[in-house]
Amino acid sequence: MSDSVNSVNELPIIIDGKPYPDITKNPPQEIATTAFTLGILLGVFLGLLPVLHFKSFNLYIIALSLFHFLEYYITAKYNPGKVHNESFLLNNGVGYLAAHLAATIECFLECLFFPHLKSYTPLHKALAVVGGILVLIGQVARTLAMSTAAQSFSHVLKTKKEKDHVLVKSGLYKYLRHPSYFGFFWWALGTQLLLLNPISFVVFVGVLWRFFSKRIAVEEKYLINFFGKEYIVYKDSVSTWIPFIN
Ligand SMILES: C[S@@+](CC[C@H](N)C(=O)[O-])C[C@H]1O[C@@H](n2cnc3c(N)ncnc32)[C@H](O)[C@@H]1O
């Protein structure tokens, strides 16, 4: 996962007082190709749902395609001044890519050599359903957070306060201190429950928890810097709902 920080202010393009996407950072042919590829992937795995036995894998690819499409779409809609071709978050660091690759390999190896791990017994069915629900909850939380925070949201952590950066305490931020991280955390764990991947599930718990506990600590240092007492009061009154991150 990307934990890059950005101290350079990105100046949005303003026309008639409204921010617009910078076309040099959003080459239309690249955006169209990426969106088309994600759509094809989603469509193929949706179409194969009735055919394949282990439907969890189809649902996983559908969730993954939708997640990356929405990262760009929501940024473009609610935060147009900051949208760029990396907003799909497909280049989300080597760790992110490796984690999903390892999860896919685990899923295939278990399907081939340990098919009992992938058979839909009542217990496995219940785990897969819980996983699917977590994926849904996580995606909704992430999407709502990005749309509520709008121009205050950025995929890269800001180390310098921008003019239009306001402290967001409304919407989901009223109940969750870091709703997009909450969403990402539970979405990612949900994918591994859905896939009935015991090894990747445990690895994801450790890696995600470590990542977000570090990320939140650093992010909050800057937020206290930007918003002072107002952020301290907010931090003390709203939880993250990510276990053991307070
Ligand atoms: C990837 S966004 C994540 C936002 C938030 N941590 C969340 O999970 O919804 C990271 C940027 O959001 C900003 N940020 C985080 N919480 C914020 C808040 N409550 N209000 C305004 N900006 C916030 C940080 O300064 C950082 O540059």
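In the predicted model, residues 57-74 are 100% helix and 0% strand. The C-alpha atoms at the two ends of this span are 25 Å apart. Residues 126-145 are likewise 100% helix and 0% strand, with end C-alpha atoms 28 Å apart. Both spans come from an unreviewed UniProt entry, which annotates them as "transmembrane region". The entry gives that annotation to residues 31-52, 94-114 and 184-212 as well.

Ser-87 lies in the loop that links α2 (55-78) to α3 (94-113). Despite this loop position, Ser-87 is classed as buried because 23 C-beta neighbours fall inside 10 Å, and the cut-off for a buried residue is 20 or more. Leaving aside residues up to four places away in sequence, Ser-87 contacts Glu-71, Tyr-72, Thr-75 and His-155. Ala-76 precedes Ser-87 by 11 residues in sequence. The C-alpha atoms of Ala-76 and Ser-87 are separated by 8.5 Å.

His-100 sits in helix α3. The residue falls within the annotated span 94-114 of the UniProt entry. His-100 has 17 C-beta neighbours inside 10 Å and therefore counts as partly exposed; this class lies between the limits of 12 or fewer for exposed and 20 or more for buried. Thr-191 is 91 residues away from His-100 along the chain. In space, the C-alpha atoms of His-100 and Thr-191 are 9.7 Å apart. Thr-191 belongs to another annotated span, residues 184-212.

Methods:
Residues are numbered from 1 along each chain as its sequence is written. This is a predicted model: local features need pLDDT of at least 70, side-chain atom pairs count only at pLDDT 80 or more; totals for chains, interfaces and linings use all residues. Helices (H or I, at least four residues) and strands (E, at least two) are DSSP runs, numbered from the N terminus. Two residues are in contact if their C-beta atoms, placed from the backbone, lie within 7 Å. UniProt positions are given in the numbering used here, feature names are shortened, and annotations may be inferred rather than shown by experiment.
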